[in-house]
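Biologist: I'd like a close look at one chain here, with some background on what sits around it. Could you take me through it in plain terms?

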Amino acid sequence: MSGGQNIPVAEQAGNPRAGEHGALSCGRTLSFSRETGADFDRLLGRYSTKQSALLPTLWLAQREWGWISREAVDYVATLLDLAPAFVWGVVTFYTMYNRAPVGKHLIQVCTSISCHLNGAEEVFHECKKRLGGLKSGEVSPDGKFTVIEVECLAQCDKAPAVMVNDDDYFVITKDKLDAFLGSLK
Amino acid sequence: MSGLAPIEPVLLARRGKPNSASLGTYLADGGYASWKKVLGGVKSAEWTPAKLTDVVKASGLRGRGGAGFPCGLKWTFVPSKEKRGDKPVYLLCNADESEPGTFKDRLLIENDPHQILEGMMLASFALEVKHAYIYIRGEMVHGAEILNAAVKEAHEKGLLGTDVLGSGVDLTITVHRGAGAYICGEETALIESLEGKRGHPRIKPPFPAVSGAWGCPTVVNNVETLCCVKHIVDRGAEWFKGVGRNEKNTGPKLYCVSGHVEKPGVYEAPIGIPWEQLLAMAGGIRGGRKLKAVIPGGSSAPMLTAAEIAGVPMDFDGLVAARSMFGSAGIIVMDETADIPKAVTNIAKFYAHESCGQCTPCREGTPWLHKMLKRVVNGEGKKSDLDLLLQISNQMGNGMTICVFADAAIAPVISGITKFREEFEAYIAKSNHPDFALAAPEDLTNKVADRTASWRA
């Protein structure tokens with residue numbers, strides 16, 4: 001947001017209504033499925049305050065809906081007696097909560113120092129190129145791929161390291177890229 | 001250079017064994033013997049929290065997470081029962097391993113989770129903890145699953161729960177997943193994150209041992225530290241003290257070697273082995289090339305040139321003497337083909353991305369450093385940039401911020417520019433920036449002086 005603009009907050013992109021947080025809307029009201037609801041109930045017993053269950057509850061929300069929408073933020077806030085703006089503040093602090101839908105395969109390329117020394121940046125750019133010139137964070141038209149750059153995955157001995165959704169892939173050098181992408185159906 | 005005799009793996013003894021993560025194989029290998037031994041000695045007062053703390057203190061164990069603070073001493077900072085009243089004590093296992101170049105805790109978690117749990121149980125006994133947490137970084141999804149399964153198994157076998165093995169001791173362990181934030185490895189940020197907030201480090205004092213999670217006395221220990229506790233109780237403090245370079249650097253240590261070596265990986269050795277011995281374990285420099293620089297303790301440690309690291313004992317005091325730090329023992333090796341300005345720029349990118357944003361010098365300074373370094377390696381640098389980078393760095397560190405993140409961020413920049421200045425200057429010499437490429441710092445200073453003079457006139 002640039003300074004000096006005289007646009008009311010409510011009319012700015014990403015601010016659907018005045019006084020609300022800026023999460024994207026998914027266009028429908030949300031509530032946990034029975035299974036996730038049971039997982040949520042179990043969570044609460046593990047902490048001495050309700051708020052402490054925020055990170056795990058957001059994980060449940062992401063498992064259920066794939067990303068954290070405005071409605072998900074509001075729902076989680078209600079569950080834990082927190083302000084939606086506070087929940088959104090926590091969501092935006094951490095990198096792993098998706099703030100927009102992602103492809104079926106979220107390809108996370110580590111480019112931190114040990115992977116960098118083994119050519120990770122090239123792998124990252126080549127990966128986007130071979131998926132039809134995808135931009136970082138963008139979803140491919142078929143909905144299958146999103147490529148992002150991430151910081152150290154603690155797999156430095158297997159550099160360059162890549163994580164796809166929850167799975168680890170090792171030594172993804174440029175020449176192995178086609179085989180790697182082909183393995184993601 | 002005198003080497004240290006290699007040791008049989010202790011922390012990694014069970015690495016690669018079939019089903020090493022299961023309780024069955026852990027018990028078959030003699031696991032939980034210490035936990036049973038300690039619990040069996042509760043009623044006879046053969047084992048008391050104070051006694052267990054004394055054993056850990058006597059071992060000389062220093063925290064393996066980065067700071068190298070004596071573990072037993074840290075435990076004694078927790079206020080006594082009289083002073084803390086009804087407040088519970090919490091133990092947090094720091095499994096938020098995110099320091100670039102560090103990957104030892106992941107190996108322990110994925111290969112031998114019960115070793116960590118047993119270390120936590122013993123530490124919990126010493127600290128009179130009834131509920132301990134493992135804060136594991138969000139990216140280690142399978143690691144969290146493995147730990148959860150291990151905790152469940154331990155509960156089912158009665159090794160955790162209420163009145164464990166009839167000893168009257170209660171203990172629960174909860175696995176808590178982070179969500180992607182390097183700073184949460186800092187112990188007070190970790191506590192904030194556990195409480196369901198942004199991971200903003202807290203101002204100290206109060207230290208967590210007095211007021212930590214939910215305002216209660218809290219001890220945060222690294223995964224490897226807790227594993228060491230298990231082996232200290234197994235084999236005794238004297239054994240632990242007998243491994244390592246000297247009495248201030250004791251025990252077996254996991255070294256993470258990555259970068260340009262033949263066999264990157266985690267190596268277990270007595271703490272304080274000389275650099276050359278460690279490099280030989282990792283198969284030497286890749287392709288028979290020459291060594292250029294080493295970052296010896298994760299990306300936050302100042303880099304050392306090949307000459308500076310020669311013969312250095314790889315431990316807390318050895319690397320301080322070499323004007324770097326041991327940190328998390330993430331050893332990043334760069335051979336003669338490495339481009340130091342690009343490597344420093346890459347590390348600066350990491351810190352610019354990970355600054356929590358709480359303190360201005362760090363929030364503003366880290367992106368400045370990254371932008372300027374990017375400018376230099378992109379061939380748009382100015383001759384004054386290098387001194388400006390050093391100047392900004394000096395204004396960020398040395399106690400300007402709540403935590404030591406800013407000091408970590410400037411270490412690679414300062415060490416890189418001062419030790420490999422000619423490589424940065426080579427980039428600037430090729431700079432496309434016509435206005436500034438040829439201006440010497442003195443000229444700029446004179447220009448500023450001239451302008452000031454004209455204002456005054």
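**Chain B and its surroundings**

Modeller: Let's start next door: the domain assignment splits chain A into domain 1 (9-93) and domain 2 (105-182), with bounds that come from an automatic or database domain assignment. The centres of domain 1 of chain A and domain 2 of chain A, taken over C-alpha atoms, are 29 Å apart. Keep in mind that this is a predicted model, where local features need pLDDT of at least 70 and side-chain atom pairs count only at pLDDT 80 or more, while totals for chains, interfaces and linings use all residues. As for labels, residues are numbered from 1 along each chain as its sequence is written, and chains are lettered from A and ligands numbered from 1 in the order in which they are written.

Now to chain B. You'll find 20 helices and nine strands in chain B; these are DSSP runs numbered from the N terminus, with helices being H or I of at least four residues and strands being E of at least two. Chain B is as compact as a globular protein of 457 residues, because its radius of gyration is 24 Å, close to the 23 Å from the globule rule (radius taken over C-alpha atoms; the rule is 2.2 Å times the number of residues to the power 0.38). Along the principal axes, the C-alpha atoms of chain B fill a box of roughly 85 × 50 × 35 Å.

Of the 457 residues in chain B, 54% are buried (20 or more other C-beta atoms within 10 Å of a residue's own; 12 or fewer is exposed, in between is partly exposed, and C-beta atoms are placed from the backbone). Take the contacts in chain B between residues at least 6 apart in sequence: 72% of them join residues at least 24 apart, a contact being two C-beta atoms, placed from the backbone, within 7 Å.

A few spots in chain B deserve a closer look. B:Tyr32, in the loop between α1 (23-28) and α2 (33-40) of chain B, has phi near 65°, a positive value in a residue other than glycine. B:Tyr32 counts as buried because it has 22 C-beta neighbours inside 10 Å. B:Ala329 also has a positive phi, near 60°, without being glycine. That residue lies in the loop between α14 (316-321) and β9 (330-335) of chain B, and with 29 C-beta neighbours inside 10 Å, B:Ala329 counts as buried.

Then there's a cis peptide bond joining B:Pro205 and B:Pro206, with omega about 5°; B:Pro206 is in the loop between α9 (187-194) and β4 (218-222) of chain B. B:Gln277 is in helix α12 (residues 275-281) of chain B, and its 18 C-beta neighbours inside 10 Å make B:Gln277 partly exposed.

Back to where chain B touches chain A. That contact takes 42 residues from chain B and 33 residues from chain A. On the side of chain A that touches chain B, the elements giving two or more residues are α2 (54-65), α4 (84-93) and α5 (113-116) of chain A. The largest share, five residues, comes from α2(A). By class, the side of chain A that touches chain B has 19 nonpolar, 10 polar and four charged residues (nonpolar is Ala, Val, Leu, Ile, Met, Phe, Trp, Tyr, Cys and Pro; charged is Asp, Glu, Lys and Arg; the others, Gly among them, are polar).
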